[in-house]
Amino acid sequence: MTEPADDLVLVERPVEGVAVAILNRPRVLNAINFALMAELLAALESLDQDPSVRAIVLRGSGERAFAAGADIREMSGATPVSLFRDNPFGRWDAIRRIRKPIIAAVRGFALGGGCELAMTCDIIVAGDDAQFGQPEIKLGIIPGAGGTQRLTRAIGKARAMELILTGRSISAREAEMMGLVSSVVPSAETFAAALDLAARVASMPPLAVMAAKEAVDRAHELALTAGLEFERREFYGLFASADQKEGMAAFIEKRRPDWTGE
Ligand code: CO8
């Protein structure tokens, strides 16, 4: 099912358990304006509530870009007052709270806010034509939606500092070598590879998937002892689920498990 073509975000359901959200401003390389971000958040929150969705793929429309950043034309008119009053970046915090895994399928440019959006996802699958970067410095600003924090955590201080201070973009291969992306595939296969990965995640028990996402996310935020405690509580908690009983029974009985999400 595809929404009307003038939507800024399209939602499709190509395979069972997986939803695809598509940034749909191809003429401006899917530049992220405030309205697109509002639509994206609404779409993701709705998919997060839908029990038939177990994993989400996020991609750009067209072949040239995932997203070439915040919409510079729109952003150029912002003032500290308008930004503080409207708090458009507050939506980024809400995306972080989506509990289902989101896989970014990146072809072409993922720059500025586009790179930040990809990094807000849980896994990045890159086409070999992908370019990642935080070029904000060339506009007289700095990354504002997590770039200084997430890129540093992903690739380390020295490399993040170099990229953010110079605005240099990196290729998909460099991004893979630095640990920013989980895999690089031929560009034409990017979406299919992300979809395949999402389908594999969607075939796993959904409570355990959400718990695992939460626990891995905590690794970025908590000291080791607190993170280990969090993991242990999630682990213990899953023993209250029907899927834990089913998963272990299926192993012992040498059959495929039938997950209920309960
Ligand atoms: N904003 C608005 N329009 C854009 C953007 C953008 N970020 N990127 C591309 N476009 C438009 C171009 O203006 C052009 O439109 P038109 O045909 O009307 O002139 C069209 O897309 C095609 O782009 P180009 O002709 O420039 O294509 P090229 O192949 O020559 O170049 C590039 C591609 C290298 C990607 C080039 O377009 C570029 O440098 N774009 C800007 C990249 C950039 O600086 N991004 C960072 C923006 S700042 C930011 O993201 C801050 C994040 C803050 C938080 C996020 C909040 C949402």
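Is Arg255 buried, exposed or partly exposed? Select it: Arg255 is partly exposed, at 35% relative accessible area (buried means under 20%, exposed over 50%, partly exposed in between, with a 1.4 Å probe and protein chains only). Before going on, note that this is a predicted model, where local features need pLDDT of at least 70, side-chain atom pairs count only at pLDDT 80 or more, and totals for chains, interfaces and linings use all residues. Residues are numbered from 1 along each chain as its sequence is written, and side-chain values use heavy atoms, leaving out hydrogens and water.

Now add Glu246. Its side chain meets that of Arg255 in a salt bridge, 2.8 Å from N to O (a side-chain nitrogen of Lys or Arg within 4 Å of a carboxyl oxygen of Asp or Glu). Glu246 counts as buried, at 16%.

Next, pick Asp50 and Arg13, another salt bridge at 3.4 Å. Asp50 sits in the loop between α1 and β3, while Arg13 is in strand β1, 37 residues apart (helices, H or I, of at least four residues and strands, E, of at least two are DSSP runs, numbered from the N terminus).

Then jump to helix α9 for Asp196 and Arg200, whose closest N and O atoms are 3.5 Å apart. They are four residues apart, so about one helical turn separates them.

Also show Glu162, Arg168 and Glu174: salt bridges link them in a network.

Finish at the ligand. A backbone N or O atom of Gly113 lies 2.7 Å from a ligand oxygen, and a polar backbone atom of Ile72 is 2.9 Å from a ligand nitrogen. For a side chain, try Arg73, with a polar atom 3.3 Å from a ligand oxygen.

Key. Polar contact = N/O pair within 3.5 Å; in protein donor to acceptor, adjacent residues only side chain to side chain.
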